[in-house]
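User: I should like to learn how to read the features of a protein model in a systematic way. Please show me the structure, and let us then proceed feature by feature.

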Amino acid sequence: MDSAALREAEAEKTTEFPIPAGCFAERVTSVKHYTDNLFAFRITRPQSFRFRSGEFVMIGLPNAEKPVFRAYSIASPSWDEEVEFFSIKVPDGPLTQHLQKIQPGDTVLMRQKSTGTLVNDALTPAKNLYMISTGTGIAPFASLIRDPETYEKFDNIILTHTCRDVAELDYGKELVTALKDDPLIGELVEGRLTHFTSTTRETSPVMGRITTLIENGELFKALGTEPLDREQDRVMICGSMAMLKDVKALVEKAGLKEGSNAEPADFVVERAFVG
Ligand code: A2P
């Protein structure tokens, strides 16, 4: 038996249900809970699983004949040996009510094909790349800020993360701190990655929705940069539907054009998926 078949056989042993066709059955290697509503976890990576940093994939649990699958942005970079996800916990969520209980050693199903528009390929090169996120919308950027390709294409990376409460910012803060000491890309990141955070409910040093902070110029004042400009800025946006719509309107107002895999341009958007 080759290693993939062996792993599948092992996974079968731990579940009562057959692994659906077109799925990998992977083992949970770690779980970290950040708040009552947020957690991150890592699973083993199948050798044949290839993806571009910033893409999403469907994941589920082997707990039914026809398991529920939800789209999850991959939070780890494409070179990582494991696959990381950052998730909300929805009390009655068809998937997350179960997913939030996973432990190391459990099995998670992952469809074999990943896709998405929040990829470096969908943007043309420029001086600055703004990654604008709310809530779990930081996940694809957790992947992209760990990918050397992002630093090859852009001089400065500005990751903005806005949440209701301070503790919800912890995943991103931990990530950015760890990145600076990373043996692989720590040097690349030095002086080129800015992490801007704000909260909208709990008091913190910077408060306000990112839309407000873009509109009133406070974001650019805090960063010491000029307002959005098509010549030098590119933007990636990930959050709730309402947030995407509002940020997109501001970015378009600044004259930026939406890009895609087929036609790279100035900005791209993707919904932070909820399950
Ligand atoms: P607010 O607290 O003012 O609603 P959610 O958990 O609802 O997705 O929100 C995550 C973060 O995104 C919150 O800080 C929230 O602010 C903010 N947010 C929600 N809707 C929008 C929007 N339309 N534009 C910008 N930020 C938004």
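User: How many Å separate an oxygen atom of the ligand from an N or O atom in the side chain of Thr 200?

Analyst: Please bear in mind that this is a predicted model. The separation between a ligand oxygen atom and an N or O atom in the Thr 200 side chain is 2.7 Å. The side chain of Arg 201 likewise has an N or O atom 2.7 Å from an oxygen atom of the ligand. With Ala 242 the backbone takes part: one of its polar backbone atoms is 3.3 Å from a nitrogen atom of the ligand.

User: Which residues are around the ligand?

Analyst: The residues around the ligand are Thr 134, Thr 162, Cys 163, Arg 164, Thr 200, Arg 201, Arg 209, Thr 211, Ala 242, Met 243 and Asp 246. Two of these residues, Arg 209 and Thr 211, merit a separate look.

User: Is Arg 209 buried or exposed, and where is its place?

Analyst: A residue counts as exposed when its relative accessible area is over 50%. Arg 209 is exposed because its value is 56%. Its place is in the loop between β9 and α7. Apart from neighbours within four places in sequence, Arg 209 is in contact with Thr 162 and Thr 200. Both Thr 162 and Thr 200 are also listed around the ligand.

User: Is Thr 211 buried or exposed, and which residues does it touch?

Analyst: The cut-off for buried is under 20% relative accessible area. Thr 211 has a relative accessibility of 15% and therefore counts as buried. Thr 211 belongs to helix α7, residues 210–215. Leaving out residues up to four places away in sequence, Thr 211 touches Asp 246, Val 247 and Leu 250.

User: How should one read a sheet, and what is the order of the strands in the sheet of five strands?

Analyst: Strands of a sheet pair through backbone hydrogen bonds, in either a parallel or an antiparallel arrangement. Here, five strands form an open sheet with parallel pairing, in the order β9-β8-β7-β10-β11. The edges are β9 (193–199) and β11 (267–271); each has a single partner strand, so one side of each lacks a neighbour in the sheet. On average, and with direction ignored, neighbouring strands of this sheet are turned by 15° against each other. One parallel pair is β7 (residues 126–134) with β10 (residues 233–239), joined by six bridges. Within that pair, Met 131 has Met 236 of β10 as its bridge partner.

User: Which helices are placed against these strands?

Analyst: Helix α5 packs on the sheet, where it touches β8 (154–163) and β9, and its direction makes about 165° with that of β9. Helix α9, residues 241–253, lies across β7, β10 and β11 and runs at about 165° to β10.

User: Which residues of α5 are buried, and how does one judge where they sit around the axis?

Analyst: An α-helix has 3.6 residues a turn, so residues three or four places apart point the same way. In helix α5 (residues 170–180), the buried residues are Tyr 171, Gly 172, Leu 175, Val 176 and Leu 179. They cover an arc of only 125° around the axis, which puts them on the same side of α5.

User: What is the order of the strands in the sheet of six strands?

Analyst: The order in this open sheet is β4-β3-β6-β1-β2-β5, and the pairing is antiparallel. β4 (69–73) and β5 (82–88) form the edges with a single partner strand each, so one side of each is left without a neighbour in the sheet. The average turn between neighbouring strands is 40°, direction ignored. At one edge, β3 (residues 56–60) pairs with β4 over five bridges, and Met 58 has Ala 71 as its partner in β4. At the other, seven bridges join β2 (residues 38–44) to β5, with Phe 39 partnered by Ser 87.

User: How many residues of the edge strand β4 are buried?

Analyst: Four of the five residues of β4 are buried, and the strand is thus mostly covered.

User: Which residues does Pro 140 touch?

Analyst: Pro 140 lies in helix α3, residues 139–144, and counts as buried at 0% relative accessibility. Beyond residues up to four places away in sequence, Pro 140 touches Gly 54, Ser 73, Ile 74, Leu 118 and Cys 238. The C-alpha atoms of Pro 140 and Ala 75 are separated by 5.2 Å, although the two residues are 65 residues apart along the chain.

Note on methods:
Residues numbered from 1 in each chain as written. Predicted model: local features only at pLDDT ≥ 70, side-chain atom pairs only at ≥ 80, totals over all residues. Heavy atoms only, no water. Helix = DSSP H or I, 4+ residues; strand = E, 2+ residues; numbered from the N terminus. Buried < 20%, exposed > 50% of the residue type's maximum accessible area, 1.4 Å probe, protein only. Contact = heavy atoms within 4.5 Å. Pairing = 2+ DSSP bridges. Axes fitted to C-alpha atoms, helices over the stretch in contact; angles between N-to-C directions. Arc of directions from axis to C-beta. Near = heavy atom within 4 Å. Polar contact = N/O pair within 3.5 Å; in protein donor to acceptor, adjacent residues only side chain to side chain.
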